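Colleague: I have a few residues to ask about. Can you pull up the sequence and the model?

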Amino acid sequence: MSGKRSRNKGYRVERLIVDKHLDVLVDAKRVPLSGAVEGFKGDVLIDIYNDGKPLVAEVKGREDIPVKPIQWLGDHDLLFMKLNRREPYVLLPWKTWEDII
């Protein structure tokens, strides 16, 4: 994918994530230039508690998602993954996230 097409796809996916949060009345906004500017991290800021301390989210849009974690998740609400010498990771479907927020 060319640079411009890749950038445009990234913008669309980030915008989708922001819009889905706004639909459920959670403040969310894109980071200017998606983290390309020094001092800004991540792609989207999500302020769940409306306290001015947003969660910093990285957003990836890919044609293929690694299949193994999706298979492990199955019909469950959450998947916790622990890598050696790292904090646990959590994978969850949008519906579960929406219910939480």
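**Three residues**

Modeller: Here it is; bear in mind that this is a predicted model.

Colleague: Start with D43. Where is D43 placed?

Modeller: D43 sits in the loop between β1 (27-30) and β2 (44-47).

Colleague: Which side chain of opposite charge is nearest to D43, and how far away?

Modeller: That is K60, at 5.5 Å. D43 is buried and has no salt bridge; the cut-off for one is 4 Å, so K60 does not qualify.

Colleague: What does the side chain of D43 reach, then?

Modeller: The backbone nitrogen of V59, at a distance of 2.8 Å.

Colleague: Next, L45. Which strand is L45 in?

Modeller: L45 belongs to strand β2.

Colleague: Why does L45 count as partly exposed?

Modeller: Because its relative accessibility is 22%, and buried would need a value under 20%.

Colleague: What is L45 in contact with, leaving aside neighbours within four places in sequence?

Modeller: D27, A28, K29, V31, P54, L55 and V56. As for E58, which is 13 residues from L45 in sequence, the two C-alpha atoms are 9.0 Å apart.

Colleague: Changing topic: where is P93 found?

Modeller: P93 is in the loop that runs between β5 (89-91) and α3 (94-100). P93 is partly exposed, at a relative accessible area of 31%.

Colleague: Which residues does P93 touch, not counting those up to four places away?

Modeller: L73 and D77.

Colleague: And how far apart are the C-alpha atoms of P93 and V31?

Modeller: They are separated by 23 Å, with the two positions 62 residues apart along the chain.

Definitions and conventions: Residues numbered from 1 in each chain as written. Predicted model: local features only at pLDDT ≥ 70, side-chain atom pairs only at ≥ 80, totals over all residues. Heavy atoms only, no water. Helix = DSSP H or I, 4+ residues; strand = E, 2+ residues; numbered from the N terminus. Buried < 20%, exposed > 50% of the residue type's maximum accessible area, 1.4 Å probe, protein only. Contact = heavy atoms within 4.5 Å. Lys, Arg positive; Asp, Glu negative; His and termini not counted. Polar contact = N/O pair within 3.5 Å; in protein donor to acceptor, adjacent residues only side chain to side chain.
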